[in-house]
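Here are my notes on the model, set out as numbered points. Please read them with the structure open.

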Amino acid sequence: MSFEQIIASINNVLWGEGQVLIYVLLFAGFWFSYKLKFVQILNFRHMFSVLKGSAKKGENITGSSGISSLQALFIGLSARVGTGNLAGVAVAISLGGSGAIFWMWVIALLGMATGFAESILGQLYKVSDDHKEYRGGPAYYIKKGLNQRWLAILFSLCLFLGYGFSFSAMQANTIADSLNHAFNIPSMYSGAVITILAGAIVLGGLKRIARFAELIVPFMGIAFILVAVTITLMNISAVPAMLYDILTSAFGLQEAGAGMLGAAIKNGIQRGLYSNEAGAGSVPHAAASARPVPNHPVTQGYVQMLGVFLDTMVLCTCTAVIILLADINISGEMEGIRLTQSAITYHLGANGVYFVSAAISLFAFTSVVANYAYAESNLHFFKLDNKVGRTLYTVMYLGMVFWGSSASLKQVWSMADVALGLMTLVNVIAIVQLTPTIVALTKDYNAKRKLENVRDADMEFKASDIEFQGKVEPGIWRK
């Protein structure tokens with residue numbers, strides 16, 4: 001059996017006929033929504049107040065350990081906001097029809113609760129490394145919270161396969177394909193430039209990556225939203241029909257549409273997860289790296305839950321609207337960034353393809369550097385956080401970025417799907433077992449908010465305040 005056949009077989013179990021991940025993600029979303037009393041709906045406004053309150057507390061003090069909550073949000077968005085928003089939405093629509101967008105919304109709404117749960121675990125069980133930076137993520141809370149080292153190692157290996165190698169290769173592939181389509185730039189040349197620029201940023205460490213994300217993510221996100229709003233207003237009369245088409249297609253209610261129901265659900269959930277990453281175990285790395293200001297793990301749950309909302313409910317919807325309002329042919333075959341480029345060109349003329357190329361280059365490139373940070377966090381877990389370990393990992397990572405720019409679309413997406421699926425499976429198994437700790441942390445936070453009447457959640461958490469599973473790192477949370 002060839003390597004491609006092995007990849008295809010695993011994907012078939014996870015995403016295809018087996019649909020294991022579809023059921024796992026839906027279960028996790030409903031489970032944490034119920035256990036946390038639908039925190040993503042009832043406390044929706046509090047996400048914004050937590051972020052605002054943390055900014056007021058002077059998190060940007062230089063020389064302190066870790067990064068700010070705002071920078072952690074932008075790192076999380078850097079990894080989320082990438083090809084999943086522009087190319088991934090196009091793939092979902094091309095394979096699952098317009099109804100896939102509805103299921104992308106569903107998994108995002110449920111995923112907000114899952115993202116909340118995994119992010120507060122990332123904060124609680126984080127550690128401090130020799131560089132006085134915080135490290136954390138599923139490998140850490142699996143080992144410290146569940147004392148299951150073998151499962152922590154399995155997750156870390158999947159993370160390296162995904163964020164260390166496959167995902168960055170896929171992002172580079174999308175950039176190169178977009179530039180080739182718009183400017184006829186050979187993929188090898190694009191790959192070389194992407195590799196050099198990524199190397200210059202990631203070699204500066206976590207704080208340089210955070211600073212880059214803080215500068216680029218707001219700019220590119222706002223610009224893309226403004227273009228989508230403009231296109232929507234230009235086609236406002238067609239919006240009701242578009243929404244009707246999304247809803248009827250989502251449930252197979254259109255003529256000859258029943259056969260598309262499964263494809264809509266599968267591709268909507270699969271691409272929704274790839275875009276917002278809720279439950280995949282990636283974002284807890286960004287959540288863990290933030291300084292505990294306000295001084296409670298739950299605040300990072302709210303911050304990263306906001307990231308899920310902005311990624312899928314806002315940015316992915318923008319891409320979907322642009323494509324579905326365009327009078328272009330959707331073949332039913334897998335189409336990526338070129339479908340989005342064709343839609344923008346339809347709305348804005350020949351210059352549209354250049355805008356998408358610029359947007360996807362920025363979106364995907366920020367993901368490339370954020371992916372490095374996620375996988376690099378696990379070098380500390382394996383005690384390879386030294387000059388030799390970092391050098392070896394960086395060389396392999398940059399090599400995959402260069403390779404990915406010239407690989408086929410199907411190859412890189414298939415590898416990314418396997419890595420993402422395995423990571424998600426392991427992480428969801430872990431966080432469901434850690435539900436008692438998640439619930440206890442959330443209850444403690446809510447009780448202190450009511451008791452102290454502090455709107456910006458500026459409160460102090462001590463390890464003795466709750467009963468949690470396993471043990472936390474000494475010196476980070478006071479006893």
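1. Overall make-up. The protein chain has 20 helices and two strands. The model is a predicted one, and the values below are computed from it. Of the 479 residues in the protein chain, 59% are buried. The accessible surface comes to about 18,700 Å², and carbon and sulfur atoms supply 64% of that area. Taking contacts between residues at least 6 apart in sequence, 81% join residues at least 24 apart.

2. Nonpolar core. The largest nonpolar core holds 136 residues, and the members that touch the most others are Phe116, Ile142, Tyr302, Phe365 and Tyr397. Helix H17 (residues 352-381) gives this core its largest share, 14 residues. Which residues does Phe116 contact, leaving aside its neighbours within four places in sequence? They are Leu36, Val39, Val298, Gly301, Tyr302, Met305 and Thr442. Tyr302 thus appears both in that contact list and among the core members that touch the most others.

3. Helix H8. Helix H8 (residues 138-146) is largely enclosed by the rest of the structure, because eight of its nine residues are buried. The buried ones are Pro138, Ala139, Tyr140, Tyr141, Ile142, Lys144, Gly145 and Leu146. Ile142 is also named among the core residues that touch the most other members. Just after H8, Asn147 adopts a positive phi of about 55°.

4. Ala152. This residue sits in helix H9 (residues 149-183). Ala152 has a relative accessible area of 0% and so counts as buried. Not counting residues up to four places away in sequence, Ala152 touches Ala139, Ile142, Lys143 and Phe381. Two of these contacts, Ala139 and Ile142, are buried residues of H8. Ala152 is also 9.1 Å from Asn427, C-alpha to C-alpha, although 275 residues separate the two in sequence.

5. Arg135. Strand S2 (residues 134-135) contains Arg135. Is this arginine buried or exposed? Arg135 is buried, because its relative accessible area is 1%, and the cut-off for buried is under 20%. Its contacts, apart from neighbours within four places in sequence, are Lys126, Val127, Asp129, Tyr140, Ala288, Glu376, Ser377, His380 and Arg390. Tyr140 in that list is one of the buried residues of H8. Contact with an acidic residue should not be read as a salt bridge here; the pairs that do form one are given in the next point.

6. Salt bridges. The count comes to two salt bridges. Side chains of opposite charge can pair when their charged atoms come close. In one bridge, the side chains of Asp444 and Lys448 meet at 3.3 Å, N to O. Both residues lie in helix H20 (residues 435-452), four residues apart, about one turn of the helix. An α-helix has 3.6 residues a turn, so residues three or four places apart point the same way. Both Asp444 and Lys448 are buried.

7. Lys448 and its other partner. Lys448 also meets Asp465 in a salt bridge, at 2.5 Å, N to O. Asp465 lies in the segment after H20 while Lys448 is in helix H20, so this pair ties together parts that are 17 residues apart in sequence. Asp465 is partly exposed, with a relative accessible area of 31%, whereas Lys448 is buried at 12%. Through shared partners, the salt bridges join Asp444, Lys448 and Asp465 into one network.

8. Cysteines. The disulfide count is zero. Why does Cys316 form no bond with the closest cysteine sulfur? That sulfur belongs to Cys318 and is 9.2 Å from the sulfur of Cys316, which is too far for a bond; the cut-off is 2.5 Å. Cys316 counts as buried at 1% relative accessibility. Cys158 is buried as well, with a relative accessible area of 7%.

9. Surface patch. Phe38, Ile41, Leu42 and Leu109 form a nonpolar patch on the surface, and together they have about 390 Å² of accessible area. Ile41 belongs to helix H3 (residues 39-42). Ile41 is partly exposed, because its relative accessible area is 47% and the class of exposed begins over 50%.

Key:
Residues are numbered from 1 along each chain as its sequence is written. This is a predicted model: local features need pLDDT of at least 70, side-chain atom pairs count only at pLDDT 80 or more; totals for chains, interfaces and linings use all residues. Side-chain values use heavy atoms; hydrogens and water are left out. Buried means under 20% relative accessible area, exposed over 50%, partly exposed in between (1.4 Å probe, protein chains only). Contact means heavy atoms within 4.5 Å. Patches are made of residues with over 30% relative accessible area and no salt bridge: like charges are joined within 9 Å, nonpolar side chains (Val, Leu, Ile, Met, Phe, Trp, Tyr) within 5 Å. Accessible areas come from the Shrake-Rupley method with a 1.4 Å probe; for residues, only the protein chains shown count as cover. A salt bridge is a side-chain nitrogen of Lys or Arg within 4 Å of a carboxyl oxygen of Asp or Glu. A nonpolar core is a set of buried Ala, Val, Leu, Ile, Met, Phe, Trp, Tyr and Cys residues joined through side-chain atoms within 4.5 Å.
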